[in-house]
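Work through the following exercises with the sequence and the model side by side. Each task is followed by a solution that goes step by step.

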Amino acid sequence: METANPALEDLRREIDEIDNRLHDLLMRRTEISRQVGRTKSGRAVVKPGREAQVLRRLLARHRGSLPKSVLVRIWREIFSDSLAQQGPFSVSVLGAEGEPSLRGLARDHYGVLTPIGEQGSAVRVISDVAEGKASLGVLPPCDADLEAPWWRHLARDGASVPRVVARLPFAEPASPNANGATALVVALSSLEETGADRSLLVVETEEDVSRSAFRTLLGKIGLTVRETQMWSDGGDAWLHFAEVEGFVDPEGDWLARLAEVSGGKQPRGWVIGAHTVPLSPEELAPSPSETPARQEVGT
């Protein structure tokens, strides 16, 4: 028969008390999320920038031996449930044959209970979001080797045109089912500046401007370019895509400044998305004081 250990029993009672307080706080948080949903007419409004800021704030104050990746997974489930409390919340992912499955990546980020459906084409994923059939769409990154890039479908105006709002995975160790895949998330949400952002731009030109020349033009207006692409349907116009560092305001004067440095008329262009930079390994690494000491093996 196990002998009672008073010190151990005290620790267990303290854990039970902490569990009760955590449970009370989670129930209160859920109720507040439902109240937020009622102020938004029962519609789940995705705010990935806000979520990223919350996680970065928590990680900055984190102490102790609980791995930061575990903290991220816990809060990802909390975020996803909060969205579900506000209104219908679901995800559409590209599941085309021959493409890496994005379901595991979406499941890790958006929670175990979030409905996730697959579509055979990027256009159908975008349509699911545009038509309100899904809250979010998960698609391959814009630099994927695609014959007909999906980003061109976002190069238009309108309240029903989705925008890129996040990049996955946001925290690499916290996404064990990603299998090395990366993705971008589209939603009918306004773009948010978080202080650690990248923006996605598309510019239409009537001339065949090379990718290097396009990169140079963007550099002249102070944008640091990470990636460029070009696409044409064989007509008289070309679409040029760029991922740039920082947040570009969709209502700002970047197109006017582009016209100034190019010496021509102002082109048509769109900020088709902006997302916060994913957490770095350094942000998720434990501090030296938090790293468990390695147990020495006797010789």
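**Exercise 1.** In which helix does Gln85 lie? Determine also how exposed Gln85 is and which residues it touches beyond its sequence neighbours.

Solution. Before starting, note that this is a predicted model, in which local features need pLDDT of at least 70 and side-chain atom pairs count only at pLDDT 80 or more, while totals for chains, interfaces and linings use all residues. Residues are numbered from 1 along each chain as its sequence is written, and side-chain values use heavy atoms, with hydrogens and water left out.

Gln85 lies in helix α3, where helices (H or I, at least four residues) and strands (E, at least two) are DSSP runs numbered from the N terminus. Next, the relative accessible area of Gln85 is 22%, so this residue is partly exposed; the classes are buried under 20%, exposed over 50% and partly exposed in between, with a 1.4 Å probe and protein chains only. Finally, leaving aside neighbours within four places in sequence, Gln85 is in contact (heavy atoms within 4.5 Å) with Thr30, Ser33 and Arg34. Of these, Thr30 is 55 residues from Gln85 in sequence, yet their C-alpha atoms are 7.1 Å apart.

**Exercise 2.** Which elements cover the buried residues of α4, and what kind of aromatic pair do Phe89 and Tyr110 form?

Solution. Begin with the residues themselves: Leu105, Ala106, Asp108, His109 and Tyr110 are the buried residues of α4. Their cover includes α3, β1, β2 (116-119), β3 (136-139), β4 and β5.

Then apply the ring rule, by which rings of Phe, Tyr and Trp (its six-membered ring) pair if their centres lie within 6.5 Å, with planes under 30 degrees apart counted as stacked, over 60 as edge-to-face and the rest as tilted. This gives two aromatic pairs. One of them joins Phe89 and Tyr110, edge-to-face, with 6.1 Å between the centres and 65° between the planes. Phe89 belongs to the loop between α3 (68-86) and β1 (91-94), and Tyr110 to helix α4 (residues 103-110), so that the pair links distant parts of the chain, 21 residues apart. Phe89 is buried at 7% relative accessibility, and Tyr110 is buried at 3%.

**Exercise 3.** Which backbone values should be examined at Gly111 and between Leu168 and Pro169?

Solution. As background, most residues other than glycine have a negative phi, and most peptide bonds are trans. Gly111, just after α4, takes a positive phi of about 95°. The bond joining Leu168 and Pro169 is a cis peptide bond, with omega about -5°, and Pro169 lies in the loop between β4 (163-168) and β5 (183-187).

**Exercise 4.** How many salt bridges does a search of the whole structure find, and where do the partners Asp10 and Arg13, Glu192 and Lys47, and Arg198 and Glu243 lie?

Solution. Taking a salt bridge as a side-chain nitrogen of Lys or Arg within 4 Å of a carboxyl oxygen of Asp or Glu, the search finds 17.

First, Asp10 and Arg13 meet at 2.2 Å, N to O; they are three residues apart in helix α1 (residues 6-39) and therefore separated by about one helical turn. Asp10 is partly exposed at 42% relative accessibility, and Arg13 is partly exposed at 46%.

Second, the side chains of Glu192 and Lys47 meet at 3.6 Å, N to O. Because Glu192 lies in the loop between β5 and β6 (197-205) and Lys47 in the loop between α1 and α2, the pair ties together parts that are 145 residues apart in sequence. Glu192 is buried at 18% relative accessible area, whereas Lys47 is partly exposed at 31%.

Third, the closest N and O atoms of Arg198 and Glu243 are 4.0 Å apart. Arg198 lies in strand β6 and Glu243 in strand β8 (residues 238-245), so this bridge ties together parts 45 residues apart in sequence. Arg198 is buried at 14% relative accessibility, and Glu243 is buried at 11%. Arg198 and Glu243 also belong to a network of salt bridges with Arg226 and Glu245.

**Exercise 5.** Where is Met230 found, and which residues does Met230 touch?

Solution. Met230 is found in strand β7 (residues 225-231) and counts as partly exposed at 36% relative accessibility. Not counting residues up to four places away in sequence, Met230 touches Asp208, Val209, Arg211, Trp238, Leu239 and His240.
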